[in-house]
Amino acid sequence: MLYPQLNGQRMLTELNGFWYFAVDKDNNGEEQQWQYGIPREREIAVPASWNEQFQDLMYFFETGWYETSVEIPASYQSELVWLRVGAANYISKVWVNGQYIGSHEGAHLPFEFEISQYVKCGQKNTIIVSVDARIKSDRLPPGDVEDEQIIGFKGQYPNNYYDFFPYGGINRPVYLYSTAHTYIKGIQVQTDVREKEAVLTYQVQLNQAFAGSVHVQLAEGIADQGVADDEGIVKGQLTIEQPRLWGLEDPFLYSLQVELLKKETCVDSYRLDIGIREVELIGEQLYLNSQPLFLNGFGLHEDFPVLGKGMNHAVIAKDMNLLKWTGANSFRTSHYPYSEEFLQYADRQGMLVIGETPFVGFVRSHYQNDRIRRQAKKVIQEMIVRDRQHPSIIAWSLANEGDTFVAEAGPFYKELYDHAKALDPSRLITAVNCVDIEEDQVLQYFDFISLNRYYGWYEQAGRLDEGCDMLSKKLDRCFEVFQKPIMITEFGADAVAGLHTDPPEQFSEEYQAQMVLRQYQIIANKPYTIGAHIWAFADFKTSQTPSRVIVNRKGLFTRDRQPKLAAHYIKSAWNKHDG
Ligand code: GCB
């Protein structure tokens, strides 16, 4: 699905701001006819999670109803009109002027509807969206899990089964936009870097056959023209001599301009930023544009006070700025697909990303559940189709933790791996493990191994030397078993900002600083590792449970993004060339 764009042929209106909001605590708003107009209890900000905007909504995990009205410009009259929501947690239903338009399941990916026949251009229109944020075992990520074995989140409040707060609401921007009746639905690009040139293979998907030509241009003199087939598909290739490659130091983006031309008139157009770059695993080493690469970075969360999981440009800018300040070159979108705005920014800033699904903490009953399997495949499809053009994304992660020692986990994840590989053969695919590798049923199927390890924290608690020894031994054993490159996707320690102890003890800034630095060095010095991501970038809100003090404090930055001691230690390790 293409990101909405204002250009010579497309109009675009943001519907962000204050919307009316009503609490539907019995989840029966439709029976009360709220689709025709909600009780205007209060106004709430969009995009942003509802939880931290009002005290009484902090622990509200039922259905929230949103309503806004918009006067659609008369100029939209002759066009197709689209309503697009960047993401809403979890099941959304949409009505326009009282007419049911459609629904979408899933918390982190966009959905859109063509609403032309339901709107009145030049007049006011009412848009209503209900968002059902209930926590359930068959949602992604799952909550309220009965048969949990290892993770230990059972009984926390709210009853999600993962270590981040299940913020509800419309978390990403809402747009109204227009296209022509024949329009560009998707653009897929694959680049192949050769010795002195790059070949760009493109496929443009129109919504229908088109009796005109499709013009594709990358730069002055690098252009192609084709005709769509009966299905509205146009394919072709462009050759770029001496291409300027996308990289960490020079994240150069070409702008691919696609135009639908009828006689001399441009009917629709779209500009897609693309980067030409090559990521490969050769032996146990990762390469970017033929240069060896070690992934230094973090697991992040989309999380900020008041906003919850609401997309905010300033927070994205701040996070990217701090990532760069530490010297990080990469992050994982733990534990769900991040906003499109974040990924676009990563493309422009030269930051590498492992894009993760929201499949967190699956247990046996999930592997046995057909609905989960279908929904998981749908999420993979939506995520890859949304994100595959980002040069910043170098790999997909199809799981974070879970009971991967049960026999059913193997075939389940093999199926997901094959599904993702068919959608995107160009990228590496991993799954993140937290169980004993001797018992794991899943890692064998993936391109590289990802491990979350907390030696010296949950195990060998308070004993840093023992934790470091254990990490080193377990890494060697893991390589011995799988003979594949290994990435440590999580290691770290909680630290309460301002708490100091000598000698270093758990929860002090000193303990965290020593742990991440020592363990980073162990990981980075193994010949078969390709990266070390510290958990976590910043403190983030969790459910209430005795092991968390409002937030998870493994951040190297506080929740409001101030550095702890460990951030300074890591900054010097990752910026050695600064002297
Ligand atoms: C993990 C999880 C992450 C948690 C972290 C922790 O292994 O992947 O979601 O937040 O541990 O702090 O316990």
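**Exercise 1.** How many residues of each class, nonpolar, polar and charged, does the lining of the second largest cavity have?

*Solution.* Start with the ground rules. This is a predicted model, in which local features need pLDDT of at least 70 and side-chain atom pairs count only at pLDDT 80 or more, while totals for chains, interfaces and linings use all residues. Residues are numbered from 1 along each chain as its sequence is written, and side-chain values use heavy atoms, with hydrogens and water left out.

Step 1: define the space. The search runs on a 1 Å grid over the protein atoms alone; a cavity is a set of points where a 1.4 Å probe fits but cannot get out, a pocket is an open set with protein on both sides within 12 Å along at least five of seven lines, and lining residues have an atom within 4 Å of a point. Points are joined across faces, edges and corners, and a volume is the space filled by probe spheres set on the points.

Step 2: find the residues. The second largest cavity holds about 130 Å³ of space. Its lining has 15 residues, and nearest its centre lie Glu 302, Asp 303, Gly 310, Asn 312 and Val 315. Helix α1 (residues 313–326) gives the largest share of this lining, 3 residues. Helices (H or I, at least four residues) and strands (E, at least two) are DSSP runs, numbered from the N terminus.

Step 3: sort by class. Ala, Val, Leu, Ile, Met, Phe, Trp, Tyr, Cys and Pro are nonpolar; Asp, Glu, Lys and Arg are charged; the others, Gly among them, are polar. The result is 6 nonpolar, 5 polar and 4 charged residues.

**Exercise 2.** Describe the largest cavity and count the cavities.

*Solution.* Step 1: count. There are 5 cavities of 30 Å³ or more.

Step 2: take the volume. The largest cavity comes to about 210 Å³.

Step 3: read the lining. It has 23 residues; Asn 89, Ala 107, His 108, Pro 141 and Tyr 162 are nearest the centre. They split into 13 nonpolar, 4 polar and 6 charged.

**Exercise 3.** Which residues lie closest to the centre of the largest pocket?

*Solution.* Step 1: the largest pocket holds about 1100 Å³ of space.

Step 2: it is lined by 44 residues, with Met 1, Leu 2, Tyr 3, Tyr 270 and Arg 386 closest to the centre.

Step 3: among the elements that each supply at least two lining residues are β8 (99–105), β19 (265–274), α2 (340–349) and α4. By class, the lining has 19 nonpolar, 13 polar and 12 charged residues.

Step 4: turn to the second largest pocket, with about 710 Å³. Of its 34 lining residues, Glu 401, Cys 434, Asn 452, Tyr 454 and Tyr 458 are closest to the centre. Two or more residues come from each of β27, β29 (448–452) and α6 (464–482).

**Exercise 4.** Is Arg 172 buried or exposed?

*Solution.* Step 1: place Arg 172 in the loop between β11 and β12.

Step 2: apply the cut-offs. Buried means under 20% relative accessible area, exposed over 50%, and partly exposed in between (1.4 Å probe, protein chains only). Arg 172 is at 3%, which makes it buried.

Step 3: list contacts (heavy atoms within 4.5 Å). Leaving out residues up to four places away in sequence, Arg 172 touches residues including His 108, Glu 302, Tyr 338 and Arg 386.

**Exercise 5.** What covers the buried residues of α5?

*Solution.* Step 1: check the helix. α5 (residues 409–423) has 15 residues and spans 21 Å between its first and last C-alpha, close to the 21 Å expected. The expected span is 1.5 Å times one less than the number of residues.

Step 2: its buried residues include Phe 412, Tyr 413, Leu 416 and Leu 423.

Step 3: the cover includes β26 (360–362), α3 (364–367), α4 (370–387), β27 (393–402) and β28 (428–433).

**Exercise 6.** Locate backbone features of note.

*Solution.* Step 1: cis bonds. The Tyr 157 to Pro 158 peptide bond is cis, omega near 0 degrees. Pro 158 sits in the loop between β10 (124–132) and β11 (169–170). The Trp 535 to Ala 536 bond is also cis, with omega near 5 degrees.

Step 2: positive phi. Gln 460, not a glycine, has phi of about 50 degrees. This residue lies in the loop between β29 and α6. Gln 483 has a positive phi near 55 degrees.
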